[in-house]
Amino acid sequence: MAGGLILGGAIAALFATALPASGPSSGIEDPPPDRIVIKVATVNGSGCPLGTAAVAVSPDNTAFTVTYSDYLAQVGGNADPTAFRRNCQLNLIVHVPQGFTYAIASADYRGFASLQPGASSTEKASYYFQGSPSTAAITHPFRGPYDDNWQATDVTDWAQLVWAPCGVQRNFNINTELRVSAGTSSPGSTSFMTMDSTDGDISTVYHLAWKECPDS
């Protein structure tokens, strides 16, 4: 299983330009009493064809879940030559209760991988607010032989959380990617990696941290 990965200063620098001069007040806040509402503005990518990705918010406003049902990368055998890489970019409209702002504290990814000896794969994710000048990517590698469920977690230290700007609507983007390489595996053998489960759906959970915005 892939372990947790601590996001460094690159993520903090990535979002620095999105923050207003007067940022949120310090201190961890309880989730706001009103529900946040997350709507999918656009879904693009070979890993999430139309109708195969859905977003839901937890009742306590501390997490949201992205569910995929057709996210598969594979090489070898009868696989399409372009199937070695699959990606999905979600552009989310996040309506936050007035007076609060949020940051992505951690993200959990799960799926299944079947990698032949000599093959390898990667799961990669990046997160950025609309208008951010650059994107930092976090990658989790896997190597064959491997035939099991996989899990990867991205975690951000509290001091390095990047907060959505107060009083400004900025869409939030999540770009994920699965990539499989045949490497030195036997010719004709198949290796694959999915972001799904045995019943065709897997929940990718993004945990939220909250702060109260300063009075205007």
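**Figure 1. Glutamate 177 and arginine 179 meet in a salt bridge in this predicted model.** The closest N and O atoms of glutamate 177 and arginine 179 are 3.0 Å apart, and arginine 179, with a relative accessibility of 33%, counts as partly exposed. Through shared partners, the salt bridges join Arg85, Lys124, Glu177 and Arg179 into one network. Side chains of opposite charge can pair when their charged atoms come close. A search of the whole structure finds three salt bridges, and the remaining contacts of glutamate 177 are described in the next view.

**Figure 2. Glutamate 177 also forms salt bridges with arginine 85 and with lysine 124.** Between glutamate 177 and arginine 85 the closest N and O atoms lie 3.1 Å apart. This pair links distant parts of the chain, since glutamate 177 belongs to strand 11 and arginine 85 to strand 6, with their positions 92 residues apart. Glutamate 177 itself is buried because its relative accessibility is 8%, under the 20% cut-off, whereas arginine 85, with a relative accessible area of 30%, is partly exposed. The salt bridge of lysine 124 with glutamate 177 has an N to O distance of 3.9 Å. Here too distant parts of the chain are linked, with lysine 124 in strand 8 and glutamate 177 in strand 11, 53 residues apart. Lysine 124 is partly exposed, its relative accessible area being 29%.

**Figure 3. Five strands form an open sheet in which the pairing is antiparallel.** The strands follow one another in the order 2-6-11-8-9, and strand 2 and strand 9 are the edge strands, each of them pairing on one side only. Averaged over the sheet and with direction ignored, neighbouring strands are turned by 20° against each other. At one edge, strand 2 and strand 6 pair in the antiparallel sense over seven bridges, and lysine 39 has isoleucine 93 in strand 6 as its bridge partner.

**Figure 4. The side chains of strand 9, which covers residues 137–143, alternate between two faces.** In a regular strand the side chains alternate between the two faces of the sheet. In strand 9, Ile138, His140 and Phe142 point to one face and are buried, while Ala137, Thr139, Pro141 and Arg143 point to the other face and are not buried. Strand 9 pairs with strand 8 (residues 120–129) in the antiparallel sense, over seven bridges. Within this pairing, alanine 125 stands opposite isoleucine 138 of strand 9.

**Figure 5. Cysteine 48 and cysteine 88 are joined by a disulfide.** The two sulfur atoms are 2.1 Å apart, and the torsion about the S-S bond is about 100°, so the disulfide is right-handed. The pair links distant parts of the chain, with cysteine 48 in the loop between strand 2 (37–44) and strand 3 (53–57) and cysteine 88 in strand 6 (residues 85–95), 40 residues apart. Cysteine 48 is buried, having a relative accessible area of 3%, and cysteine 88 also counts as buried, at 0% relative accessibility.

**Figure 6. Cysteine 166 and cysteine 213 form a disulfide.** The sulfur atoms of cysteine 166 and cysteine 213 are 2.0 Å apart, and the torsion about their S-S bond is about -90°, so this disulfide is left-handed. Distant parts of the chain are again linked by the pair, because cysteine 166 lies in the loop between strand 10 (146–156) and strand 11 (172–181), whereas cysteine 213 lies in the segment after strand 13 (202–212), 47 residues apart. Cysteine 166 is buried, with a relative accessible area of 18%, and cysteine 213 is buried as well, with a relative accessible area of 12%. The count for the structure comes to two disulfides, and with bonded cysteines counted along the chain they follow the pattern 1-2, 3-4.

Terms used. Residues are numbered from 1 along each chain as its sequence is written. This is a predicted model: local features need pLDDT of at least 70, side-chain atom pairs count only at pLDDT 80 or more; totals for chains, interfaces and linings use all residues. Side-chain values use heavy atoms; hydrogens and water are left out. Buried means under 20% relative accessible area, exposed over 50%, partly exposed in between (1.4 Å probe, protein chains only). Helices (H or I, at least four residues) and strands (E, at least two) are DSSP runs, numbered from the N terminus. Two strands pair if DSSP finds at least two bridges between them. A disulfide is a pair of cysteine sulfur atoms within 2.5 Å. A salt bridge is a side-chain nitrogen of Lys or Arg within 4 Å of a carboxyl oxygen of Asp or Glu. Axes are lines fitted to C-alpha atoms, for helices over the stretch in contact, and angles run from 0 to 180 degrees between N-to-C directions.
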